[in-house]
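Please keep the structure open in your viewer and follow the selections in the order given here. Each stop names what to select and then says what is there.

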Amino acid sequence: MQRILNFINGEYVAPVSNQYLKGFNPAIGAVYSEVPDSDERDVALAVKAATAAFEVWSNYTQEQRSDILLKIAQGIENRLEEFALAETNDQGKPLWLSKVMDIPRAVSNFKFYATTALSLSGEFHKTDSQIFNYTLRSPIGIVGCISPWNLPLYLFSWKITPALAMGNCVIAKPSEITPMTASMLGEVCNAAGLPKGVLNIIHGLGPKVGSSITAHQDIKAISFTGGTKTGAEISRIAAPMFKKMSLELGGKNPNIIFDDCDFEKTVKISAAAAFTNQGEICLCGSRIFIQDTLYERFKNAFVEEVKKRKVGDPLLDTSRVGAIVSKPHFEKVLSYIALAKEEGGSIILGGGPVEVPGRCKDGWFIEPTIIEGLAYDCRVNREEIFGPVVTLVPFSTEAEALKMANSTQYGLACTIFTENLSKAHRVAAKIESGIVWINCWLERDLRTPFGGVKQSGVGREGGFEALKFFTEEKNVCIKIDS
Ligand code: NAD
(Lines give C-alpha, C1' and ligand atoms only; values in the text may rest on other atoms or scores of the structure.)
Protein backbone atom coordinates (compact mmCIF):
# COMPACT_ATOMS: atom_id res chain seq x y z
CA MET A 1 0.00 0.00 0.00
CA GLN A 2 1.52 3.32 -1.04
CA ARG A 3 0.64 6.24 1.22
CA ILE A 4 0.55 9.61 -0.56
CA LEU A 5 1.18 12.79 1.45
CA ASN A 6 0.51 16.46 0.86
CA PHE A 7 3.46 18.61 -0.26
CA ILE A 8 3.48 21.84 1.75
CA ASN A 9 6.40 24.24 2.21
CA GLY A 10 8.77 21.79 0.53
CA GLU A 11 7.89 18.93 2.88
CA TYR A 12 5.72 15.84 2.67
CA VAL A 13 3.10 16.03 5.42
CA ALA A 14 0.02 14.09 6.49
CA PRO A 15 -3.37 15.80 6.12
CA VAL A 16 -4.57 17.59 9.26
CA SER A 17 -7.55 15.22 9.41
CA ASN A 18 -5.17 12.23 9.31
CA GLN A 19 -7.80 10.58 7.13
CA TYR A 20 -7.11 8.90 3.79
CA LEU A 21 -9.16 8.02 0.73
CA LYS A 22 -8.75 4.78 -1.20
CA GLY A 23 -6.61 4.99 -4.34
CA PHE A 24 -7.37 2.33 -6.97
CA ASN A 25 -5.35 0.70 -9.71
CA PRO A 26 -8.12 0.41 -12.35
CA ALA A 27 -6.38 -2.37 -14.26
CA ILE A 28 -6.67 -4.73 -11.29
CA GLY A 29 -9.79 -3.14 -9.81
CA ALA A 30 -8.20 -2.98 -6.35
CA VAL A 31 -7.02 -0.45 -3.78
CA TYR A 32 -3.26 0.13 -3.92
CA SER A 33 -2.73 3.56 -2.36
CA GLU A 34 -3.95 5.94 0.32
CA VAL A 35 -4.76 9.49 -0.71
CA PRO A 36 -4.91 12.34 1.84
CA ASP A 37 -8.49 13.36 2.60
CA SER A 38 -7.48 17.00 3.06
CA ASP A 39 -9.71 19.97 3.81
CA GLU A 40 -9.62 23.73 4.27
CA ARG A 41 -7.07 23.42 7.10
CA ASP A 42 -4.48 21.93 4.76
CA VAL A 43 -5.27 24.61 2.17
CA ALA A 44 -4.75 27.27 4.87
CA LEU A 45 -1.32 25.82 5.74
CA ALA A 46 -0.37 25.82 2.06
CA VAL A 47 -1.48 29.44 1.64
CA LYS A 48 0.62 30.45 4.66
CA ALA A 49 3.69 28.79 3.13
CA ALA A 50 2.98 30.28 -0.29
CA THR A 51 2.58 33.78 1.15
CA ALA A 52 6.08 33.65 2.64
CA ALA A 53 7.52 32.03 -0.48
CA PHE A 54 6.06 34.70 -2.76
CA GLU A 55 8.42 37.32 -1.31
CA VAL A 56 11.33 35.17 -2.46
CA TRP A 57 10.09 33.71 -5.74
CA SER A 58 8.63 36.88 -7.20
CA ASN A 59 11.99 38.58 -6.68
CA TYR A 60 13.95 35.95 -8.59
CA THR A 61 14.96 37.11 -12.06
CA GLN A 62 13.14 35.50 -14.97
CA GLU A 63 16.32 33.64 -15.84
CA GLN A 64 16.68 32.23 -12.31
CA ARG A 65 13.11 30.95 -12.36
CA SER A 66 13.52 29.49 -15.83
CA ASP A 67 16.71 27.69 -14.82
CA ILE A 68 14.88 25.93 -11.99
CA LEU A 69 11.97 24.94 -14.25
CA LEU A 70 14.44 23.47 -16.73
CA LYS A 71 16.02 21.47 -13.92
CA ILE A 72 12.56 20.15 -12.97
CA ALA A 73 12.04 19.11 -16.63
CA GLN A 74 15.36 17.26 -16.53
CA GLY A 75 14.46 15.67 -13.18
CA ILE A 76 11.23 14.22 -14.62
CA GLU A 77 13.03 13.08 -17.76
CA ASN A 78 15.66 11.28 -15.67
CA ARG A 79 12.88 9.32 -13.98
CA LEU A 80 10.67 8.86 -17.06
CA GLU A 81 10.23 5.09 -16.65
CA GLU A 82 9.24 5.47 -12.99
CA PHE A 83 6.79 8.30 -13.68
CA ALA A 84 5.27 6.41 -16.62
CA LEU A 85 4.68 3.29 -14.55
CA ALA A 86 3.12 5.34 -11.74
CA GLU A 87 0.81 7.08 -14.26
CA THR A 88 -0.30 3.80 -15.76
CA ASN A 89 -0.96 2.13 -12.41
CA ASP A 90 -3.01 5.13 -11.29
CA GLN A 91 -4.91 5.89 -14.51
CA GLY A 92 -5.19 2.60 -16.40
CA LYS A 93 -3.70 3.79 -19.70
CA PRO A 94 -1.19 1.60 -21.56
CA LEU A 95 2.34 1.95 -20.22
CA TRP A 96 3.78 2.59 -23.70
CA LEU A 97 1.38 5.57 -24.00
CA SER A 98 2.50 7.02 -20.66
CA LYS A 99 6.07 6.71 -21.96
CA VAL A 100 5.52 8.36 -25.33
CA MET A 101 2.76 10.86 -24.50
CA ASP A 102 2.02 11.73 -20.87
CA ILE A 103 5.43 11.99 -19.26
CA PRO A 104 7.31 13.45 -22.25
CA ARG A 105 4.59 16.08 -22.51
CA ALA A 106 5.00 16.98 -18.82
CA VAL A 107 8.72 17.43 -19.52
CA SER A 108 7.89 19.60 -22.55
CA ASN A 109 5.50 21.74 -20.51
CA PHE A 110 8.29 22.66 -18.09
CA LYS A 111 10.78 23.27 -20.90
CA PHE A 112 8.31 25.25 -22.96
CA TYR A 113 7.24 27.69 -20.25
CA ALA A 114 10.76 28.02 -18.86
CA THR A 115 11.94 29.24 -22.25
CA THR A 116 8.83 31.06 -23.49
CA ALA A 117 8.66 33.17 -20.33
CA LEU A 118 12.11 34.53 -21.20
CA SER A 119 10.72 36.18 -24.32
CA LEU A 120 7.49 37.64 -22.94
CA SER A 121 7.85 41.38 -23.18
CA GLY A 122 5.75 44.33 -22.08
CA GLU A 123 4.07 46.72 -24.50
CA PHE A 124 4.93 50.26 -25.49
CA HIS A 125 2.51 52.78 -27.02
CA LYS A 126 3.58 56.19 -28.19
CA THR A 127 0.54 58.50 -28.11
CA ASP A 128 2.26 61.61 -29.54
CA SER A 129 5.59 63.35 -29.24
CA GLN A 130 5.02 64.11 -25.54
CA ILE A 131 3.05 61.14 -24.26
CA PHE A 132 3.99 57.51 -24.13
CA ASN A 133 2.81 54.39 -22.28
CA TYR A 134 4.50 51.24 -21.15
CA THR A 135 2.95 48.13 -19.65
CA LEU A 136 4.29 46.41 -16.57
CA ARG A 137 3.46 42.79 -15.86
CA SER A 138 3.68 41.43 -12.36
CA PRO A 139 2.80 38.04 -10.88
CA ILE A 140 -0.68 37.78 -9.41
CA GLY A 141 0.48 36.28 -6.11
CA ILE A 142 -0.96 32.97 -4.95
CA VAL A 143 -2.93 31.04 -7.55
CA GLY A 144 -4.95 27.81 -7.51
CA CYS A 145 -4.56 25.08 -10.14
CA ILE A 146 -7.09 22.22 -10.21
CA SER A 147 -6.70 19.36 -12.69
CA PRO A 148 -8.55 16.20 -13.82
CA TRP A 149 -7.75 12.46 -14.01
CA ASN A 150 -7.48 11.74 -17.73
CA LEU A 151 -3.99 13.08 -18.45
CA PRO A 152 -2.79 13.49 -14.88
CA LEU A 153 0.78 14.86 -14.92
CA TYR A 154 0.40 16.19 -18.48
CA LEU A 155 -2.43 18.57 -17.47
CA PHE A 156 -1.23 19.24 -13.91
CA SER A 157 2.09 20.50 -15.28
CA TRP A 158 0.38 22.38 -18.14
CA LYS A 159 -1.34 24.54 -15.50
CA ILE A 160 1.35 25.03 -12.89
CA THR A 161 4.30 25.78 -15.20
CA PRO A 162 3.11 29.13 -16.63
CA ALA A 163 2.04 30.17 -13.12
CA LEU A 164 5.46 29.34 -11.67
CA ALA A 165 7.34 30.81 -14.62
CA MET A 166 5.70 34.19 -14.08
CA GLY A 167 6.65 34.31 -10.38
CA ASN A 168 3.44 33.13 -8.74
CA CYS A 169 3.20 30.65 -5.89
CA VAL A 170 0.81 27.79 -6.50
CA ILE A 171 -1.68 25.77 -4.48
CA ALA A 172 -2.34 22.80 -6.74
CA LYS A 173 -4.86 20.00 -6.51
CA PRO A 174 -4.56 16.97 -8.78
CA SER A 175 -7.56 14.68 -9.18
CA GLU A 176 -8.10 12.46 -6.14
CA ILE A 177 -8.55 9.61 -8.64
CA THR A 178 -5.01 9.95 -10.09
CA PRO A 179 -2.77 11.77 -7.58
CA MET A 180 0.39 9.65 -7.77
CA THR A 181 2.59 11.42 -10.33
CA ALA A 182 1.74 14.88 -8.96
CA SER A 183 2.79 13.67 -5.54
CA MET A 184 6.14 12.47 -6.96
CA LEU A 185 6.73 15.88 -8.50
CA GLY A 186 7.49 17.43 -5.09
CA GLU A 187 10.68 15.34 -4.83
CA VAL A 188 11.81 16.56 -8.25
CA CYS A 189 11.06 20.19 -7.34
CA ASN A 190 13.11 19.95 -4.14
CA ALA A 191 16.02 18.36 -6.00
CA ALA A 192 15.86 21.13 -8.62
CA GLY A 193 16.11 23.82 -5.94
CA LEU A 194 12.58 25.22 -6.15
CA PRO A 195 12.30 27.35 -3.00
CA LYS A 196 10.04 25.83 -0.35
CA GLY A 197 6.42 26.96 -0.43
CA VAL A 198 6.47 28.00 -4.11
CA LEU A 199 4.53 24.89 -5.17
CA ASN A 200 2.18 23.23 -2.68
CA ILE A 201 0.22 20.12 -3.63
CA ILE A 202 -2.91 19.29 -1.65
CA HIS A 203 -4.71 16.02 -2.27
CA GLY A 204 -8.34 15.21 -1.64
CA LEU A 205 -11.90 15.56 -2.80
CA GLY A 206 -13.11 18.32 -5.09
CA PRO A 207 -15.96 19.57 -2.92
CA LYS A 208 -13.55 19.76 0.07
CA VAL A 209 -10.08 20.73 -1.17
CA GLY A 210 -11.06 22.13 -4.58
CA SER A 211 -13.77 24.34 -3.19
CA SER A 212 -11.51 25.49 -0.31
CA ILE A 213 -8.95 26.59 -2.91
CA THR A 214 -11.66 28.30 -4.94
CA ALA A 215 -13.07 30.13 -1.90
CA HIS A 216 -9.81 31.15 -0.20
CA GLN A 217 -9.60 34.93 -0.21
CA ASP A 218 -5.80 35.01 -0.65
CA ILE A 219 -5.88 32.82 -3.76
CA LYS A 220 -6.34 35.37 -6.52
CA ALA A 221 -6.77 33.26 -9.64
CA ILE A 222 -8.11 29.81 -10.46
CA SER A 223 -6.96 27.75 -13.40
CA PHE A 224 -9.27 24.75 -13.72
CA THR A 225 -9.54 21.80 -16.10
CA GLY A 226 -12.37 19.35 -15.63
CA GLY A 227 -16.08 18.88 -16.19
CA THR A 228 -18.48 21.66 -17.22
CA LYS A 229 -20.65 21.22 -14.10
CA THR A 230 -17.62 21.60 -11.84
CA GLY A 231 -16.55 24.66 -13.83
CA ALA A 232 -19.96 26.21 -13.18
CA GLU A 233 -19.64 25.47 -9.46
CA ILE A 234 -16.19 27.06 -9.34
CA SER A 235 -17.49 30.15 -11.17
CA ARG A 236 -20.38 30.42 -8.72
CA ILE A 237 -17.88 30.84 -5.88
CA ALA A 238 -15.01 32.64 -7.60
CA ALA A 239 -16.87 35.13 -9.80
CA PRO A 240 -18.40 37.19 -6.94
CA MET A 241 -14.90 37.32 -5.42
CA PHE A 242 -13.65 38.80 -8.73
CA LYS A 243 -11.00 36.15 -9.15
CA LYS A 244 -9.35 35.66 -12.50
CA MET A 245 -10.48 32.34 -13.96
CA SER A 246 -9.34 30.09 -16.76
CA LEU A 247 -11.76 27.22 -17.34
CA GLU A 248 -11.03 24.26 -19.62
CA LEU A 249 -14.17 22.13 -19.62
CA GLY A 250 -15.90 19.22 -21.32
CA GLY A 251 -16.24 18.39 -24.99
CA LYS A 252 -18.27 16.34 -27.46
CA ASN A 253 -16.08 16.74 -30.47
CA PRO A 254 -17.23 16.19 -34.05
CA ASN A 255 -15.10 14.46 -36.66
CA ILE A 256 -16.41 15.48 -40.11
CA ILE A 257 -15.46 13.21 -43.00
CA PHE A 258 -16.13 14.35 -46.58
CA ASP A 259 -16.14 11.92 -49.48
CA ASP A 260 -13.11 13.61 -51.03
CA CYS A 261 -10.85 12.73 -48.08
CA ASP A 262 -7.64 10.72 -48.21
CA PHE A 263 -9.46 7.53 -47.24
CA GLU A 264 -6.75 5.36 -45.67
CA LYS A 265 -5.37 8.25 -43.63
CA THR A 266 -8.85 9.28 -42.50
CA VAL A 267 -9.72 5.79 -41.22
CA LYS A 268 -6.50 5.47 -39.23
CA ILE A 269 -6.62 8.95 -37.70
CA SER A 270 -10.33 8.63 -36.86
CA ALA A 271 -9.64 5.41 -34.94
CA ALA A 272 -6.84 7.10 -32.99
CA ALA A 273 -8.98 10.18 -32.36
CA ALA A 274 -11.79 8.02 -31.00
CA PHE A 275 -9.95 5.48 -28.85
CA THR A 276 -6.56 6.81 -27.73
CA ASN A 277 -6.37 6.76 -23.92
CA GLN A 278 -9.66 4.72 -23.88
CA GLY A 279 -11.42 7.75 -25.38
CA GLU A 280 -10.63 9.62 -22.17
CA ILE A 281 -9.15 12.71 -23.80
CA CYS A 282 -11.20 15.90 -23.88
CA LEU A 283 -10.14 16.24 -27.54
CA CYS A 284 -11.30 12.79 -28.70
CA GLY A 285 -13.57 12.80 -31.74
CA SER A 286 -16.59 10.93 -30.39
CA ARG A 287 -19.20 11.92 -33.00
CA ILE A 288 -18.15 10.86 -36.48
CA PHE A 289 -20.14 12.50 -39.28
CA ILE A 290 -19.58 10.82 -42.65
CA GLN A 291 -20.78 12.01 -46.05
CA ASP A 292 -23.49 9.55 -47.11
CA THR A 293 -21.70 8.69 -50.39
CA LEU A 294 -18.78 7.32 -48.34
CA TYR A 295 -20.72 6.02 -45.33
CA GLU A 296 -20.73 2.24 -45.93
CA ARG A 297 -17.16 2.11 -47.18
CA PHE A 298 -15.91 4.15 -44.22
CA LYS A 299 -17.96 2.16 -41.71
CA ASN A 300 -16.56 -1.18 -42.89
CA ALA A 301 -12.95 0.01 -42.96
CA PHE A 302 -13.31 1.79 -39.62
CA VAL A 303 -14.69 -1.33 -37.90
CA GLU A 304 -11.75 -3.38 -39.25
CA GLU A 305 -9.26 -0.72 -38.10
CA VAL A 306 -10.78 -0.49 -34.60
CA LYS A 307 -10.77 -4.29 -34.24
CA LYS A 308 -6.95 -4.05 -34.31
CA ARG A 309 -7.05 -2.02 -31.07
CA LYS A 310 -6.59 -4.79 -28.56
CA VAL A 311 -7.93 -4.24 -25.06
CA GLY A 312 -5.54 -5.64 -22.47
CA ASP A 313 -3.22 -5.36 -19.50
CA PRO A 314 -1.82 -1.80 -19.61
CA LEU A 315 1.64 -3.15 -18.82
CA LEU A 316 1.80 -5.11 -22.11
CA ASP A 317 3.12 -3.43 -25.25
CA THR A 318 0.44 -5.21 -27.29
CA SER A 319 -2.43 -3.49 -25.45
CA ARG A 320 -3.80 -0.52 -27.40
CA VAL A 321 -6.71 0.15 -25.01
CA GLY A 322 -6.20 0.05 -21.24
CA ALA A 323 -8.54 0.18 -18.25
CA ILE A 324 -11.28 2.74 -17.56
CA VAL A 325 -10.09 5.05 -14.80
CA SER A 326 -12.58 4.16 -12.05
CA LYS A 327 -15.55 1.94 -11.26
CA PRO A 328 -18.06 4.86 -11.28
CA HIS A 329 -16.72 6.02 -14.66
CA PHE A 330 -16.81 2.43 -16.01
CA GLU A 331 -20.48 2.26 -14.98
CA LYS A 332 -21.20 5.67 -16.48
CA VAL A 333 -19.77 4.65 -19.86
CA LEU A 334 -21.75 1.39 -19.85
CA SER A 335 -24.91 3.31 -18.95
CA TYR A 336 -24.46 5.42 -22.10
CA ILE A 337 -24.11 2.27 -24.22
CA ALA A 338 -27.41 1.07 -22.70
CA LEU A 339 -28.96 4.48 -23.41
CA ALA A 340 -27.80 4.28 -27.02
CA LYS A 341 -29.79 1.05 -27.42
CA GLU A 342 -32.85 2.68 -25.83
CA GLU A 343 -32.49 5.61 -28.22
CA GLY A 344 -32.60 3.24 -31.20
CA GLY A 345 -28.89 2.83 -31.90
CA SER A 346 -27.27 -0.36 -33.22
CA ILE A 347 -24.00 -1.51 -31.72
CA ILE A 348 -21.80 -2.50 -34.64
CA LEU A 349 -18.67 -3.22 -32.60
CA GLY A 350 -18.01 -3.81 -28.90
CA GLY A 351 -20.75 -2.70 -26.55
CA GLY A 352 -19.72 -4.18 -23.22
CA PRO A 353 -17.09 -4.91 -20.59
CA VAL A 354 -14.07 -7.05 -21.44
CA GLU A 355 -12.61 -9.66 -19.13
CA VAL A 356 -8.84 -9.47 -19.26
CA PRO A 357 -7.42 -12.71 -17.83
CA GLY A 358 -4.64 -12.96 -15.27
CA ARG A 359 -3.79 -10.11 -12.91
CA CYS A 360 -6.37 -7.84 -14.61
CA LYS A 361 -9.35 -10.20 -14.19
CA ASP A 362 -11.09 -7.74 -11.81
CA GLY A 363 -10.11 -4.61 -13.77
CA TRP A 364 -12.49 -2.18 -15.45
CA PHE A 365 -12.16 -2.66 -19.21
CA ILE A 366 -14.63 -1.77 -21.97
CA GLU A 367 -14.46 -2.82 -25.62
CA PRO A 368 -14.03 -0.05 -28.18
CA THR A 369 -17.64 0.52 -29.11
CA ILE A 370 -19.07 1.82 -32.40
CA ILE A 371 -22.75 2.77 -32.62
CA GLU A 372 -24.84 3.77 -35.65
CA GLY A 373 -28.45 4.60 -36.31
CA LEU A 374 -28.83 7.36 -33.73
CA ALA A 375 -30.33 10.80 -34.37
CA TYR A 376 -27.64 13.48 -34.40
CA ASP A 377 -29.39 15.30 -31.56
CA CYS A 378 -30.24 12.41 -29.22
CA ARG A 379 -28.75 12.38 -25.69
CA VAL A 380 -25.92 10.02 -26.59
CA ASN A 381 -24.88 12.46 -29.31
CA ARG A 382 -25.21 15.53 -27.08
CA GLU A 383 -23.79 14.45 -23.72
CA GLU A 384 -20.13 13.81 -22.96
CA ILE A 385 -19.39 10.09 -22.43
CA PHE A 386 -15.60 10.38 -22.17
CA GLY A 387 -14.92 6.72 -22.88
CA PRO A 388 -14.25 4.27 -25.74
CA VAL A 389 -17.58 4.93 -27.47
CA VAL A 390 -18.18 6.62 -30.84
CA THR A 391 -21.23 7.15 -32.98
CA LEU A 392 -21.42 7.18 -36.78
CA VAL A 393 -23.89 9.58 -38.40
CA PRO A 394 -24.33 10.14 -42.15
CA PHE A 395 -24.80 13.60 -43.70
CA SER A 396 -25.37 14.73 -47.26
CA THR A 397 -24.25 18.36 -47.57
CA GLU A 398 -21.65 20.64 -46.01
CA ALA A 399 -24.46 22.71 -44.44
CA GLU A 400 -25.98 19.63 -42.87
CA ALA A 401 -22.63 18.52 -41.47
CA LEU A 402 -22.16 21.92 -39.86
CA LYS A 403 -25.65 21.92 -38.39
CA MET A 404 -25.12 18.50 -36.83
CA ALA A 405 -21.59 19.22 -35.63
CA ASN A 406 -22.62 22.49 -33.98
CA SER A 407 -25.70 21.03 -32.28
CA THR A 408 -24.26 20.48 -28.78
CA GLN A 409 -23.61 22.79 -25.84
CA TYR A 410 -19.89 22.04 -26.23
CA GLY A 411 -17.30 23.57 -28.55
CA LEU A 412 -13.83 22.30 -27.74
CA ALA A 413 -12.28 20.64 -30.79
CA CYS A 414 -13.20 19.44 -34.27
CA THR A 415 -11.52 17.33 -36.94
CA ILE A 416 -12.21 17.76 -40.66
CA PHE A 417 -11.14 15.36 -43.38
CA THR A 418 -11.17 16.60 -46.99
CA GLU A 419 -8.60 17.13 -49.73
CA ASN A 420 -10.49 20.26 -50.88
CA LEU A 421 -8.66 23.18 -49.30
CA SER A 422 -11.44 25.72 -49.84
CA LYS A 423 -13.98 23.43 -48.20
CA ALA A 424 -11.62 22.78 -45.29
CA HIS A 425 -11.21 26.51 -44.65
CA ARG A 426 -14.95 27.21 -45.04
CA VAL A 427 -15.94 24.54 -42.54
CA ALA A 428 -13.12 25.47 -40.12
CA ALA A 429 -14.37 29.06 -40.06
CA LYS A 430 -17.99 28.05 -39.38
CA ILE A 431 -17.49 25.30 -36.85
CA GLU A 432 -18.20 26.32 -33.27
CA SER A 433 -15.03 25.15 -31.54
CA GLY A 434 -11.81 26.57 -30.17
CA ILE A 435 -9.55 24.08 -31.94
CA VAL A 436 -9.81 22.68 -35.48
CA TRP A 437 -7.60 19.96 -36.95
CA ILE A 438 -7.67 19.43 -40.71
CA ASN A 439 -6.54 15.98 -41.89
CA CYS A 440 -4.85 15.34 -38.55
CA TRP A 441 -5.63 15.03 -34.85
CA LEU A 442 -3.85 15.93 -31.60
CA GLU A 443 -1.00 17.67 -33.36
CA ARG A 444 -0.03 20.11 -30.62
CA ASP A 445 2.19 23.15 -30.95
CA LEU A 446 2.41 24.51 -27.42
CA ARG A 447 2.57 28.10 -28.73
CA THR A 448 -1.01 27.96 -30.06
CA PRO A 449 -4.10 29.10 -28.10
CA PHE A 450 -5.83 26.13 -26.49
CA GLY A 451 -9.40 26.13 -25.21
CA GLY A 452 -13.06 25.89 -26.01
CA VAL A 453 -16.12 27.98 -26.82
CA LYS A 454 -19.70 27.64 -25.50
CA GLN A 455 -19.75 25.36 -22.45
CA SER A 456 -16.30 23.96 -23.19
CA GLY A 457 -14.57 26.79 -21.43
CA VAL A 458 -13.57 30.36 -20.84
CA GLY A 459 -10.13 31.70 -21.71
CA ARG A 460 -7.20 30.11 -23.49
CA GLU A 461 -4.16 28.20 -22.32
CA GLY A 462 -0.93 27.76 -24.28
CA GLY A 463 1.75 30.12 -25.52
CA PHE A 464 1.80 33.66 -24.23
CA GLU A 465 -1.93 33.41 -23.36
CA ALA A 466 -1.27 31.31 -20.25
CA LEU A 467 1.73 33.40 -19.19
CA LYS A 468 -0.35 36.56 -19.47
CA PHE A 469 -3.22 34.97 -17.53
CA PHE A 470 -0.91 34.51 -14.56
CA THR A 471 0.09 38.20 -14.46
CA GLU A 472 -1.52 41.51 -13.65
CA GLU A 473 -0.99 44.24 -16.23
CA LYS A 474 -0.39 47.84 -15.32
CA ASN A 475 -0.22 50.63 -17.86
CA VAL A 476 2.08 53.52 -16.99
CA CYS A 477 1.48 56.73 -18.95
CA ILE A 478 4.12 59.48 -18.99
CA LYS A 479 3.84 63.01 -20.33
CA ILE A 480 7.09 64.78 -20.94
CA ASP A 481 7.18 68.57 -20.54
CA SER A 482 7.72 70.31 -23.84
P1 NAD B 1 -14.14 16.91 -12.53
O2 NAD B 1 -14.73 18.23 -12.89
O3 NAD B 1 -14.97 15.94 -11.80
O4 NAD B 1 -12.83 17.10 -11.64
C5 NAD B 1 -11.74 17.90 -12.05
C6 NAD B 1 -11.02 18.40 -10.82
O7 NAD B 1 -11.89 19.28 -10.11
C8 NAD B 1 -10.62 17.30 -9.84
O9 NAD B 1 -9.37 17.61 -9.26
C10 NAD B 1 -11.73 17.38 -8.80
O11 NAD B 1 -11.37 16.90 -7.54
C12 NAD B 1 -11.99 18.88 -8.76
N13 NAD B 1 -13.31 19.24 -8.26
C14 NAD B 1 -14.45 18.50 -8.24
N15 NAD B 1 -15.44 19.20 -7.67
C16 NAD B 1 -14.94 20.41 -7.32
C17 NAD B 1 -15.48 21.58 -6.72
N18 NAD B 1 -16.75 21.63 -6.33
N19 NAD B 1 -14.68 22.64 -6.56
C20 NAD B 1 -13.39 22.64 -6.98
N21 NAD B 1 -12.82 21.54 -7.55
C22 NAD B 1 -13.58 20.45 -7.72
O23 NAD B 1 -13.59 16.32 -13.89
P24 NAD B 1 -12.91 14.91 -14.11
O25 NAD B 1 -13.99 13.87 -14.05
O26 NAD B 1 -11.72 14.78 -13.24
O27 NAD B 1 -12.37 15.06 -15.60
C28 NAD B 1 -13.14 14.81 -16.72
C29 NAD B 1 -13.65 16.09 -17.33
O30 NAD B 1 -12.57 16.96 -17.60
C31 NAD B 1 -14.32 15.87 -18.66
O32 NAD B 1 -15.49 16.64 -18.71
C33 NAD B 1 -13.30 16.36 -19.67
O34 NAD B 1 -13.83 16.78 -20.90
C35 NAD B 1 -12.70 17.47 -18.92
N36 NAD B 1 -11.39 17.81 -19.48
C37 NAD B 1 -11.27 18.99 -20.17
C38 NAD B 1 -10.05 19.33 -20.74
C39 NAD B 1 -9.87 20.61 -21.50
O40 NAD B 1 -8.73 20.98 -21.77
N41 NAD B 1 -10.93 21.31 -21.87
C42 NAD B 1 -8.95 18.48 -20.57
C43 NAD B 1 -9.13 17.30 -19.85
C44 NAD B 1 -10.35 16.97 -19.30
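Begin by selecting Arg 359 and Asp 313, which form a salt bridge whose closest N and O atoms are 2.8 Å apart, and bear in mind from the outset that this is a predicted model. The pair links distant parts of the chain, with Arg 359 in the loop between strand E15 (346–349) and strand E16 (369–372) and Asp 313 in the loop between helix H10 (295–307) and helix H11 (327–342), 46 residues apart. If you colour by accessibility, Arg 359 appears as partly exposed at a relative accessible area of 39%, whereas Asp 313, at 13%, is buried.

Stay with helix H11 and select Glu 331 together with Lys 327, a salt bridge in which the closest N and O atoms are 3.4 Å apart. Because these two residues are four apart in helix H11, about one helical turn separates them. Glu 331 is partly exposed at 42% relative accessibility, and Lys 327 is likewise partly exposed, with a relative accessible area of 37%.

For the next salt bridge, select Lys 159 and Glu 461, where the closest N and O atoms lie 2.6 Å apart. Lys 159 belongs to helix H5 (residues 152–165) and Glu 461 to the loop between strand E20 (457–458) and helix H15 (463–469), so the pair ties together parts that are 302 residues apart in sequence. Both Lys 159 and Glu 461 are buried.

While helix H5 is still on display, add Ser 157, which is found in that helix. Buried or exposed: which describes Ser 157? Ser 157 counts as buried, because its relative accessibility is 0% and the cut-off for buried is under 20%. Its side chain reaches the backbone oxygen of Leu 153 at 2.6 Å.

Before leaving the charged residues, select Arg 79, Glu 82 and Glu 187, which are linked in a network of salt bridges. A search of the whole structure finds 25 salt bridges, and the pairs visited so far are among them, including Lys 159 with Glu 461. As a general point, side chains of opposite charge can pair when their charged atoms come close.

Now turn to the ligand and display the residues around it. There are 31 of them, and those that come nearest are Ser 147, Glu 176, Thr 230, Leu 249 and Glu 384. By class, this shell holds 13 nonpolar, 13 polar and five charged residues.

Where does the ligand lie with respect to domain 1 and domain 2? Colouring domain 1 (2–249 + 456–476) and domain 2 (253–445) separately helps here: both give residues to the shell, so the ligand lies between them. Among the secondary-structure elements, helix H7 (206–215), strand E11 (219–225) and helix H8 (228–238) each supply at least two residues of the shell, and H7 contributes the largest share, with five residues.

Zoom in on the oxygen atoms of the ligand to see its polar contacts. An oxygen atom of the ligand is 2.6 Å from an N or O atom in the side chain of Thr 230, and an oxygen atom of the ligand is 2.8 Å from an N or O atom in the side chain of Lys 173. At Gly 206 the partner is instead a polar backbone atom, 3.4 Å from an oxygen atom of the ligand. Taken alone, the ligand exposes 840 Å², and the protein buries 89% of that.

Next, select the loop between strand E19 (435–438) and E20, where Asn 439 is found and where Leu 442 is found as well. Asn 439 has a positive phi of about 60 degrees although it is not a glycine, and phi of Leu 442, also a residue other than glycine, is positive and near 60 degrees. In general, most residues other than glycine have a negative phi. Asn 439 is buried, with a relative accessible area of 19%.

For the last stop, select Glu 472, whose place is in strand E21 (residues 471–479). Glu 472 counts as partly exposed at 40% relative accessibility. Add Pro 139 and draw a distance between the two C-alpha atoms: they are separated by 6.2 Å, although Glu 472 and Pro 139 are 333 residues apart along the chain.

Methods
Residues are numbered from 1 along each chain as its sequence is written. This is a predicted model: local features need pLDDT of at least 70, side-chain atom pairs count only at pLDDT 80 or more; totals for chains, interfaces and linings use all residues. Side-chain values use heavy atoms; hydrogens and water are left out. A residue is near a molecule or strand if one of its heavy atoms lies within 4 Å of it. A polar contact is a pair of N or O atoms within 3.5 Å; within protein, one must be able to donate a hydrogen and the other to accept it, and residues adjacent in sequence count only if both atoms are side-chain atoms. Accessible areas come from the Shrake-Rupley method with a 1.4 Å probe; for residues, only the protein chains shown count as cover. Ala, Val, Leu, Ile, Met, Phe, Trp, Tyr, Cys and Pro count as nonpolar, Asp, Glu, Lys and Arg as charged, and the others, Gly among them, as polar. Domain bounds come from an automatic or database domain assignment. A salt bridge is a side-chain nitrogen of Lys or Arg within 4 Å of a carboxyl oxygen of Asp or Glu. Buried means under 20% relative accessible area, exposed over 50%, partly exposed in between (1.4 Å probe, protein chains only).
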